[in-house]
Amino acid sequence: MRKSLITSLSYSKVFFSVLLVGLMLLAESCSKQVSNDRIEVNWPEVKVEMKPWTRWWWMGSAVDSANIGKLIEQYAAAGMGGVEITPIYGAVGFEDKYLSYLSPKWMENFHYTIRKANKEGMQVDMNVGTGWPFGGPQITHEFAASRLIIQNYELKAGEQLAQKIEVDDEKQKSLGVKLLALRAYNNADIQSALLDLTDKVDETGKLNWTPDTGEWTLYAAFTGKTRQKVKRAAPGGEGYTMDHMSKEALDTYLNRFESAFQGKEPGIRAFFNDSYEVYGADFSPNFFEEFKKRRGYDPTEYLRELTSKEKKDEIARIKSDYRETISDMLLENFSQPWSNWIHKQGGLSKNQAHGSPGNLLDLYAAVDIPETETFGSTYFPIPGLPNYTIDEKNVEPDPLMMKFASSAANVTGKPLTSSETFTWLGEHFKVPLAQCKTEVEQLFLAGINHVFFHGTTYSPEQAGWPGWLFYASTNMAPSNSFWPHIEGLNGYITRCQSFLQTGSSDNDILIYWPVYDIWHDSNERNKLLNIHAIEEWLHPMPFYQLSKKLAADGYSMDFSSDRQLKNASVKNGLIATSNKGQQYKTLILPTSEHMPIATLRQAIELAKAGATVIFQKLPTDVPGYYQLDERRKTFQQLINTLSFQEKQNGVAEYQIGEGVILLSDDVEKALTYKDVYRESLTDIGLKYIRKEINGNKFYYIVNHTASSIDSWIPLNSKPESVVVFDPQTGKKGLASTSFEDDKILVKVQMEPGEAFILQTASEKLDGIIDWKYTESIGTPLAVSSEWNLEFTAGGPDLPSTQTLQDLVSWTELPDKKAAAFSGTAVYTTEFDLAKKDADEYLLKLGDVRESARVWVNDKEVGILWSVPFQVRIGDYLKAGKNAIKIEVTNLMANRIIDLDKKGIEWMNYHEINFVDLNYKPFDASNWELQPSGLLGPVGILPLKVDQNNQ
């Protein structure tokens with residue numbers, strides 16, 4: 001049996017009490033040879049980025065230095081590494097406290113936050129705006145987000161058009177919308193008879209043209225505006241959303257910040273941009289010129305096709321070109337210059353690219369820290385794992401979607417990939433720390449290594465309980481009843497990220513993402529690639545199906561765009577994607593229809609230079625519309641150069657230059673053929689991510705199955721030693737290993753929900769404490785004596801102290817105050833241990849609602865904050881009478897139920913106010929009470945320890 005999810009010491013005690021030593025398996029700065037030539041291995045040195053950070057909602061920017069200082073101290077004490085300031089709408093009744101965004105008073109508190117955070121060992125990021133997306137009072141109509149408006153008119157021979165050529169929408173007309181182009185189609189001969197009538201329209205909108213023959217359809221194109229304003233804006237941040245495709249709009253937007261910063265670097269670590277939610281923005285005033293320059297033809301000649309939704313290849317191609325132009329303009333006119341501006345302010349750029357109508361891999365890669373997000377919750381079959389708010393409409397967070405951000409970082413050699421974490425993880429007040437663990441582990445497995453909570457709402461002392469709240473967050477704040485135990489989660493995240501931010505990615509496979517197959521679509525011109533619609537644009541792709549299967553079968557991978565492949569080279573048979581990026585054993589091109597000639601040619605050139613390139617199927621066509629016949633001819637000539645020879649098991653081979661191109665429907669057969677092997681530990685349900693440190697490797701492995709695992713697992717390497725690091729507890733030890741062929745076998749014992757880090761070493765390690773492997777022996781001791789229960793903190797009122805013969809929920813206690821109570825209570829009892837004759841003892845708390853801190857004989861054992869709520873206590877026990885104390889916290893739900901049943905107003909905000917998971921007005925008055933407290937049964941299991949039976 002294995003102990004699980006605890007924090008035996010706060011991470012600060014664990015990390016800062018150790019001497020930073022180790023050998024090649026840690027960074028050189030973290031290694032030291034001790035005097036007797038024995039090498040000791042330790043956790044990496046903790047840096048501020050390794051701790052979890054949080055988005056800090058400034059409601060109404062109603063902040064002051066006293067509350068800022070107090071809150072920063074609380075965040076630091078709980079193990080947070082930084083805050084990301086995002087001002088939003090405010091609370092009703094506090095309007096006199098509001099500060100206008102970027103005003104002198106706002107900047108005064110902003111600078112104080114930075115100074116105070118730095119003093120407490122934290123750092124500060126900031127959103128370059130309020131709410132989302134970017135916009136504000138500096139964005140006039142000229143620079144506001146734009147959309148293409150196309151209107152059509154019918155005109156017969158000899159007739160004069162009675163209508164003016166002007167936009168019909170009065171609201172658009174009031175914004176000064178301009179005519180860009182007017183094209184006329186002869187309905188009888190639309191292929192050859194196309195006229196440009198733009199210069200026939202006078203200043204009043206009158207068309208001075210009459211057709212001599214036939215019937216004509218006229219298409220007029222206008223630069224319209226989306227009229228979208230900043231969502232959830234803070235005071236002083238209200239205004240139109242900016243045009244993200246316009247460099248001039250970006251410059252205008254950023255000028256306001258330069259004025260506020262007064263030419264000085266503000267001391268911000270990173271500047272942030274939220275997910276792209278600029279709805280309906282498919283245009284920019286110079287879009288037609290950019291299209292013509294980039295795509296080679298005039299889009300105004302195809303206004304009819306741009307409005308059509310006919311399922312025709314020609315229409316899909318033109319719209320593909322349209323979408324590619326949007327992507328280019330977002331990258332070159334927003335993402336890249338925005339990141340460059342941030343560097344001038346002395347900071348890093350951090351961007352959420354998802355939701356953009358562009359190539360996500362390129363947009364993520366354009367910044368220093370690509371950021372993904374989790375939205376909603378995932379089902380895991382772990383016994384006892386709570387999930388109290390299953391939302392059937394929720395699209396579960398998808399690890400492959402998360403990998404778009406981490407892939408962009410790995411391919412371009414960026415050390416950090418961050419995540420907006422726990423957005424709508426569950427219904428308000430019903431999310432326990434245990435549920436957070438599995439979701440954050442899924443992020444780690446997808447390559448994320450820099451967690452940002454979503455989020456923490458600044459709440460002044462005078463706001464009372466439950467404090468100010470943001471409507472979509474899992475509120476990681478001192479007002480949350482689980483706050484006394486949040487250092488358990490924070491310590492776990494810190495220990496995991498201390499490794500995950502160390503070394504470099506070690507994925508074997510690079511998979512091409514065929515974005516042109518997504519863009520080749522005759523539907524709407526604007527195609528937002530957001531996380532809420534992945535079932536439409538991502539899941540149907542052969543790329544996704546292949547990637548999902550390879551991941552499940554134990555292969556490690558990153559994704560690459562066409563632009564990123566263009567920069568790839570070959571070094572010693574490996575594919576290098578940048579000077580700082582990692583190197584891959586093979587490039588896989590999954591089944592796709594549309595591939596640019598340049599991408600196909602680059603794949604062939606990489607093989608010629610010594611790489612292994614695998615096609616699942618050969619692409620069939622080029623994307624886009626311009627010079628289609630010529631490009632198709634060139635494309636087919638390239639395809640015809642690939643002369644494959646059948647080899648074995650459905651794998652065909654074409655040797656070229658120093659390398660090889662393989663063709664196989666079954667990509668895994670092709671990988672095996674070229675000795676690219678999977679990690680077979682996935683066969684027993686384990687998940688992993690692998691990284692490299694100075695020539696050695698470490699594996700972060702997680703058991704998300706319903707079963708305990710006690711097994712020898714193979715690793716795709718043959719080191720001399722392996723060290724086990726337990727991120728739940730901070731403990732470590734030398735693993736039991738054996739060898740089979742060219743692989744090392746490592747013994748692991750993992751309960752459902754546990755995670756370990758396995759660090760390999762290329763030499764024999766001596767003098768390191770052996771990892772303790774255990775098995776249960778003897779009869780479990782039930783701790784069934786009388787319990788004293790004392791409520792120590794929380795509300796609305798502290799229930800009376802209780803004496804319990806049986807462990808029951810607080811909601812079943814005689815004191816009715818306990819049913820509405822949210823907070824902390826302490827259980828104490830004594831038990832007899834006749835003799836201490838086992839090697840180890842495992843304390844099992846059974847059902848805990850929702851987290852616990854444990855003391856045995858007045859010595860703190862640790863925080864049990866997730867399943868299976870058990871911990872080894874052999875070092876704390878003695879023969880005879882033993883005392884145990886268990887501090888338990890529940891959720892906020894029961895107290896909120898009480899407030900709503902009594903009709904007590906506690907939520908009153910401007911804008912959206914406060915809503916539930918379905919975006920309906922929040923009301924908990926009909927909720928059932930949540931079981932709370934220590935429900936047990938509590939028992940102690942004697943264990944036999946087998947130390948390092950190599």
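Which side chain does a polar contact join to that of Asp274? It is the side chain of Arg55, at 3.2 Å. This is a predicted model.

## Overall fold

The protein has 20 helices and 47 strands. Its radius of gyration is 31 Å, close to the 30 Å that the globule rule gives for 950 residues, so the protein is as compact as a globular protein of that length. Along the principal axes, the C-alpha atoms fill a box of roughly 110 × 75 × 50 Å.

Contacts often bridge long stretches of sequence. Of those between residues at least 6 apart in sequence, 79% join residues at least 24 apart.

## Burial, surface and charge

Of the 950 residues, 63% are buried. The exposed area of the protein is about 35200 Å². Carbon and sulfur atoms supply 46% of that area.

The protein carries 98 positive and 124 negative charges. The mean positions of these two sets are 2 Å apart.

## The site around Asp274

Asp274 sits in a loop. Strand β11 (270-273) lies on one side of that loop in sequence, and helix α6 (287-295) on the other. Is Asp274 buried or exposed? Its relative accessible area is 8%, so Asp274 is buried.

Neighbours within four places in sequence aside, Asp274 is in contact with Arg55, Trp132, Asn351, Gln352 and Glu420. Arg55 is also the partner in the 3.2 Å side-chain polar contact.

Thr620 gives a point of reference farther along the chain. Asp274 and Thr620 are 346 residues apart in sequence. In space, their C-alpha atoms are 37 Å apart.

Definitions and conventions: Residues numbered from 1 in each chain as written. Predicted model: local features only at pLDDT ≥ 70, side-chain atom pairs only at ≥ 80, totals over all residues. Heavy atoms only, no water. Helix = DSSP H or I, 4+ residues; strand = E, 2+ residues; numbered from the N terminus. Rg over C-alpha atoms; globule rule 2.2 N^0.38 Å. Buried < 20%, exposed > 50% of the residue type's maximum accessible area, 1.4 Å probe, protein only. Contact = heavy atoms within 4.5 Å. Areas by Shrake-Rupley, 256 points an atom, 1.4 Å probe, with all protein chains shown as cover. Lys, Arg positive; Asp, Glu negative; His and termini not counted. Charge placed at Lys NZ, Arg CZ, Asp CG, Glu CD. Polar contact = N/O pair within 3.5 Å; in protein donor to acceptor, adjacent residues only side chain to side chain.
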